[in-house]
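Me: I have just opened this one and would like to go through it slowly. Could you walk me through what is bound?

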Number of protein chains: 2
Amino acid sequence: MAADQAFVTLATNDNYSKGAMVLGRSLRNHKTSRKLVVLIGPHVTEPAREVLQKIYDEVRLVDLLDSRDAAHLSLMKRPDLGVTFTKLHCWTLTHYSKCVFMDADTLVLSNVDELFNREELSAAPDPGWPDCFNSGVFVFRPSNETYEQLIQVCTKDGSFDGGDQGVLNSFFSNWATADITKHLPFIYNLSSIAIYSYLPAFKQYGSEAKVVHFLGKMKPWNYSYDTATKSIKGHSQDPSTLHPDYLLRWWDIYSGSVLPMMKEQYGSQAF
Amino acid sequence: MAADQAFVTLATNDNYSKGAMVLGRSLRNHKTSRKLVVLIGPHVTEPAREVLQKIYDEVRLVDLLDSRDAAHLSLMKRPDLGVTFTKLHCWTLTHYSKCVFMDADTLVLSNVDELFNREELSAAPDPGWPDCFNSGVFVFRPSNETYEQLIQVCTKDGSFDGGDQGVLNSFFSNWATADITKHLPFIYNLSSIAIYSYLPAFKQYGSEAKVVHFLGKMKPWNYSYDTATKSIKGHSQDPSTLHPDYLLRWWDIYSGSVLPMMKEQYGSQAF
Ligand SMILES: O=c1ccn([C@@H]2O[C@H](COP(=O)(O)OP(=O)(O)O)[C@@H](O)[C@H]2O)c(=O)[nH]1
Ligand SMILES: O=c1ccn([C@@H]2O[C@H](COP(=O)(O)OP(=O)(O)O)[C@@H](O)[C@H]2O)c(=O)[nH]1
Ligand SMILES: [Mn+2]
Ligand SMILES: [Mn+2]
């Protein structure tokens, strides 16, 4: 059973690939029994693909340009929805019966295999507009039929937020009202933003966090890290920045497990 | 049936009384069939009580100092929880079978009597930490037993956020996971803060708003209003400020229906 279930992420470029590498390592560190799949775009370079191959069971190139289906053709009129389209591609992984999608900017803090007990579409509320779910972590069932329907929503109505989250919320529109078991606890998609908007709740419940989501413009790989002192350089106290503890955990994995693999692949090349 | 159901709010001083007056008027404007109750503290002045009498069916003085129950006595060691304690008092309204509590800084945009179809404890998610409910709008069943239990939680564990929301979330701790019908749609407690944190969702769903909650430090009565031009003075473009449309609706009711009553009561006194 576990063999046809997988964690799935997406990286369309080398920066998001760094996130995918850390996410994959964090899942392995916490001994997941499920397969790991990363969808990559054509712009991910060869050395990054090599490193992803070492961490993931399956590295699947999602090449929009070669796609010849009708859905793709209609989307060509909406180039703005390109990245959105790419994430929806996860529904085409029909050699798995159930999957958990995780954004490349998420980090697992403990084993989360219990997520596979949930059904499509399970997700955690979005802080900000909590009747929408956040599409950074969700449980789904690959299905070409669902995929085609999703693409139809995209082409017909577009996305109210310009991204996959808008499309997915329009499609799975009864999430807020239909079934409480499809509400993942917020600790499965804890975004840094929530820490500052209701700090007492974070102090009360934050220690139970299982997945951190570095949502927003600043991503962990945009900071720099001092390996000698194990500290983040130039981390401001601006409340919109990431939580320093979680950022350190990300960098700890990146510098300890990912960078050595990167150096091996890239050699003297910059990355 | 409707006769033993009520909307309940709380005002411990004249400022929050202004909020309660506008809230009460907005409920009447939208033709609620339920009773209106306001709990007031001893610091609410006589003219403000008179105006509240005209809008509410019941103005109930909650005089902490005169209370002689054990719960109250233990709370005396925790003066910081005073306002919290006052809100919990709504459970003592046992001459009603079911009530909807609404913060004095909320405003009703349409008839919301359908809230009485819900059971205790129904509330909308808190943007920020969405596995907590926001205690600005909630459905409850008055009960002296529940009241005593709540006060016990207060005195034993305090409140993780120093307010009633922390206590209520600790007590009704399975809200996030147990029953989807107890999740009020977010449009029944739309806080200004959510508008700016996920603007596309507000643009998509905001027109369905039924209750606006002016959560946070700046309250509608802290602004000033130009009756001639019907505009808010000194409203900054700071994203943390209130949404100008909702603020105008609040002031429209305040200046049109409440101020004339206030003038009558206060006479030449300042208010
Ligand atoms: O240029 C991009 C943008 C996004 N993504 C993928 O899409 C997800 C969602 O985007 P992002 O995390 O930046 O959005 P946020 O969570 O900040 O709203 C990312 O985690 C990646 O998996 C990507 O591969 N390349
Ligand atoms: O000094 C106070 C503070 C609060 N309240 C009541 O308690 C509610 C909750 O407080 P507030 O709305 O200020 O908190 P927020 O919603 O901003 O967190 C108010 O709406 C009032 O009904 C009051 O009567 N006097
Ligand atoms: Mn993300
Ligand atoms: Mn309030």
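**The metal site and a ligand**

Reply: In this predicted model, the manganese ion (ligand 4) has as its protein donors B:Asp103 (OD), B:Asp105 (OD), B:Asp105 (OD) and B:His213 (NE2), which lie 2.2 to 2.3 Å from the ion.

Me: How are the donor residues of the manganese ion (ligand 4) spaced in sequence?

Reply: Their spacing follows the pattern D-x1-D-x107-H.

Me: And what angles do the six donor atoms make at the manganese ion (ligand 4)?

Reply: The angles among those six donor atoms run from 57 to 173°, and the site is classed as irregular. For orientation, ideal angles for six octahedral donors are 90 or 180 degrees.

Me: Are B:Asp103 and B:Asp105 buried or exposed?

Reply: B:Asp103 counts as buried because its relative accessibility is 16%, where the cut-off for buried is under 20%. B:Asp105 has a relative accessibility of 4%, so this residue counts as buried too.

Me: Switching topic, which residues come nearest to ligand 1?

Reply: There are 13 residues around ligand 1, and the nearest of them are A:Leu10, A:Thr12, A:Tyr16, A:Gly216 and A:Lys219. By class, that shell holds six nonpolar, four polar and three charged residues.

Me: Which polar side-chain atoms lie by its nitrogen and oxygen atoms?

Reply: A:Thr12 places a polar side-chain atom 2.7 Å from a nitrogen atom of ligand 1. For A:Asp105, a polar side-chain atom is 2.9 Å from an oxygen atom of the ligand, while a side-chain N or O atom of A:His213 lies 3.0 Å from an oxygen atom of ligand 1.

Me: How much of ligand 1 does the protein cover?

Reply: On its own, ligand 1 has 510 Å² of accessible area, and the protein covers 77% of that.

Technical notes
Residues are numbered from 1 along each chain as its sequence is written. Chains are lettered from A and ligands numbered from 1 in the order in which they are written. This is a predicted model: local features need pLDDT of at least 70, side-chain atom pairs count only at pLDDT 80 or more; totals for chains, interfaces and linings use all residues. Side-chain values use heavy atoms; hydrogens and water are left out. Donors are N, O and S atoms within 2.8 Å of the metal (3.2 Å for Na, K and Ca); water is not among the atoms, so sites may look incomplete. Four donors count as tetrahedral if all angles lie between 85 and 135 degrees; four count as square planar and six as octahedral if opposite donors are over 155 degrees apart and all others between 65 and 115; anything else is irregular. Buried means under 20% relative accessible area, exposed over 50%, partly exposed in between (1.4 Å probe, protein chains only). A residue is near a molecule or strand if one of its heavy atoms lies within 4 Å of it. A polar contact is a pair of N or O atoms within 3.5 Å; within protein, one must be able to donate a hydrogen and the other to accept it, and residues adjacent in sequence count only if both atoms are side-chain atoms. Accessible areas come from the Shrake-Rupley method with a 1.4 Å probe; for residues, only the protein chains shown count as cover. Ala, Val, Leu, Ile, Met, Phe, Trp, Tyr, Cys and Pro count as nonpolar, Asp, Glu, Lys and Arg as charged, and the others, Gly among them, as polar.
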